[in-house]
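User: I'm new to this one, could you walk me through it?
Analyst: Gladly; here it is to look at while we talk.

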Amino acid sequence: MMDVRLQDVGGTAGRRAMLFAALCSVALTGALFLAERRIDFFLGEEGFLWYGAVQTAHGGVPLRDFYSYDPGRYLWAAAWAQIFGDGILALRLSTALFQALGLFCGLLAASRAVAGRWRLALTGAVLLLWMVPRNKLFEPSLLMMAILTGVLLIEKPTLRRHCAAGVLVGLAAFFGKNHGLYLGLAFFLLILFLYAAREERSLRELGRGLASAAGGIALGLTPLWIMFLAIPGFFTAYVDSIRFFLLQGKTNFPLPIPWPWRMATQGTDLAEHAFFVSLGLGFLLMPLLFGGAFLASVVRRRDPRRWALLISSSFIGLFYMHHAFSRADYHHLLPSSPPLLLGLAGLVAVLPEGRPRRAAVAGLVPLLAFLTFFLSIRDRPLYEALTLRGTPDAFVPFDAAGDRLWLSPELAGLLTNIEKAVADQVPAGEPILIAPDRPGLYVLLGRKAPVWDIYTLWPDRGGLDERMLREMEEKKVRWALVRDATLDNQRTLRFSQTRPQLWDYLMGGFERVPTAELPHRLSLLRKLPDQEGGDQMARADKLGRRHGRGGHP
């Protein structure tokens, strides 16, 4: 990956580079999709995305009708569902198509530095392997689109390219408010940097560039404007989604940063030791690369066009570090990795030819190979399925709402037992609550969630429990599938602690249905006959006030 040089990609060479990047991105993404499409399933976050995509495909509105990410990814999946259907394989195909677009942009950006088609293809393979987990393929794809946009802006800072950068910021915000914020700040800083790097500066030109970018943002937000105007209640729901995180006081559940010196003793075997060290190295490399490149480009006023890939990656990566470090784990590091990978390619490209560049390549190639294997390849579904073949833990077939998947025997057995228990006990058409963190079960069971909050991990703030109890009473929910899940092994983040009013409502007004199929930690609950009047909410409200967690919806 790291044998690089700066390239001119204009004219005929540029068209050939685009064609090769397109073919390469389709071939690599298609091959990986075909190999992994049926392997494994994540009931939590992949199920969360799948449920929202299914509901959107059938007329539901993200944020308004169910707790969700921002609407962009759901509308993308729902659009493709009209062609491919709304099964899990169709969802994975739609995200793979977006992944191919992102990889195409990543390869075009990398072609500024990586010499030779086979090296560019290898770079694409590394970028692709780091695009995990598959329910978060939108994040690295948007990042690679942004890095290419930044490169183009640095190479030729015309008003049209300022506007294009703004359009991307607006579209990114449609997929996630945080993406719009990160990219908006990154491009604002990049525009200021390009202005400062000019020999002849004009505040008028700076103003025109910023105005063009602002106009592009407004244009990129067009889908959001349309939803505000055309869909009743969506604007209020969108504002409430911002208020939600303000009330929580954070955007994620933070974890200690796994610096490599802290991770050296983690794990029970050599492979686990290597994984934790790799994780720590990934988090360490980000601030070193982005901070160093930023300082070098700003303080020493390097030629922006010569440093285009490194500068674009670093400016964008600086702000995406918040995403990676907000919950410093594997599932947030890798989706934030394109600026790191492309930035390293850009770094080598600007080093003097000869010994400095050869030394950098000699050091970075083994390091990247080590990180790629232990961070990405070993956690991919295909690797796990292949290494378990011929063992008692070999993956087995499972029918997931009409799509055949290959799952671990433990997961397949659990899902089969859940399906049997619900089919035997819960009448067809009866609403059932599933809490707190397995929304994918709604789709597998063919049920629609009776409540807005389908992923009840966040603590009760702003009346979440009161709203949920009201919805359960209105929908006459008599059944629930519940486990007292704990996040990060923290007692304070146990479901019964974060949602006490809801928990008391369930424990006081429902009874556990004996089911031999379900593990002890998972309870199928049925509402007690004498609780089907109208006074249970009042009792639950008293219990909630006892815990000091009451609120207003």
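Analyst: What follows is a conversation about a predicted model, taken one topic at a time.

User: Let's start with salt bridges, how many are there?
Analyst: A search of the whole structure finds 23 salt bridges. One of them is formed by the side chains of Arg73 and Glu139, with a nitrogen-to-oxygen distance of 3.2 Å.

User: Where along the chain do Arg73 and Glu139 sit?
Analyst: They belong to distant parts of the chain, 66 residues apart, with Arg73 in helix H3 (residues 72-84) and Glu139 in helix H6 (residues 138-155).

User: And are Arg73 and Glu139 buried or exposed?
Analyst: Arg73 and Glu139 are both buried.

User: What about Glu205 and Arg208, how far apart are they in helix H9?
Analyst: They are 3 residues apart in helix H9 (residues 203-220), which means that about one helical turn separates them. Their side chains meet in a salt bridge, at 3.3 Å from N to O.

User: Is Glu205 buried or exposed?
Analyst: Neither label fits, because Glu205 has a relative accessibility of 30% and therefore counts as partly exposed. Arg208 is also partly exposed, and its relative accessible area is 36%.

User: Which residue does Asp437 pair with?
Analyst: Asp437 forms a salt bridge with Arg438, and the closest N and O atoms of the two are 3.1 Å apart. Asp437 has 9% relative accessibility and so counts as buried, whereas Arg438, with a relative accessible area of 26%, is partly exposed.

User: Which residues are joined into one network by shared partners?
Analyst: Glu46, Arg92 and Arg134 are joined into one network by salt bridges that share partners.

User: Switching topic, how do helices H10 and H11 cross?
Analyst: The axes of helix H10 (residues 222-230) and helix H11 (residues 234-248) come within 7 Å and cross at roughly 120°. The two helices are therefore oblique to each other.

User: Which residues make that contact?
Analyst: On the H10 side they are Leu224, Met227 and Phe228, and on the H11 side they are Phe234, Phe235 and Tyr238. Sorted by type, the residues of this contact are 6 nonpolar, with no polar and no charged ones.

User: Now the backbone, which residues does a cis peptide bond join?
Analyst: One such bond joins Val132 and Pro133, with omega at about -5°, and Pro133 is found in the loop between helix H5 (117-129) and H6. The peptide bond from Ala435 to Pro436 is cis as well, with omega near 5°, and Pro436 has its place in the loop between strand S3 (432-435) and helix H20 (440-444).

User: What is the phi of Leu63?
Analyst: Phi of Leu63 is near 75°, which is a positive value in a residue other than glycine. Leu63 is found in the loop between helix H2 (45-57) and H3, and at 5% relative accessibility Leu63 counts as buried.

User: And where is Ala401?
Analyst: Ala401 is in the loop between strand S1 (396-400) and strand S2 (403-407). Although Ala401 is not a glycine, its phi is positive, at about 55°. With a relative accessibility of 44%, Ala401 counts as partly exposed.

Definitions and conventions: Residues are numbered from 1 along each chain as its sequence is written. This is a predicted model: local features need pLDDT of at least 70, side-chain atom pairs count only at pLDDT 80 or more; totals for chains, interfaces and linings use all residues. Side-chain values use heavy atoms; hydrogens and water are left out. Axes are lines fitted to C-alpha atoms, for helices over the stretch in contact, and angles run from 0 to 180 degrees between N-to-C directions. Helices (H or I, at least four residues) and strands (E, at least two) are DSSP runs, numbered from the N terminus. Angles under 35 degrees count as roughly parallel, over 145 as roughly antiparallel, 65 to 115 as roughly perpendicular and the rest as oblique. Contact means heavy atoms within 4.5 Å. Ala, Val, Leu, Ile, Met, Phe, Trp, Tyr, Cys and Pro count as nonpolar, Asp, Glu, Lys and Arg as charged, and the others, Gly among them, as polar. A salt bridge is a side-chain nitrogen of Lys or Arg within 4 Å of a carboxyl oxygen of Asp or Glu. Buried means under 20% relative accessible area, exposed over 50%, partly exposed in between (1.4 Å probe, protein chains only).
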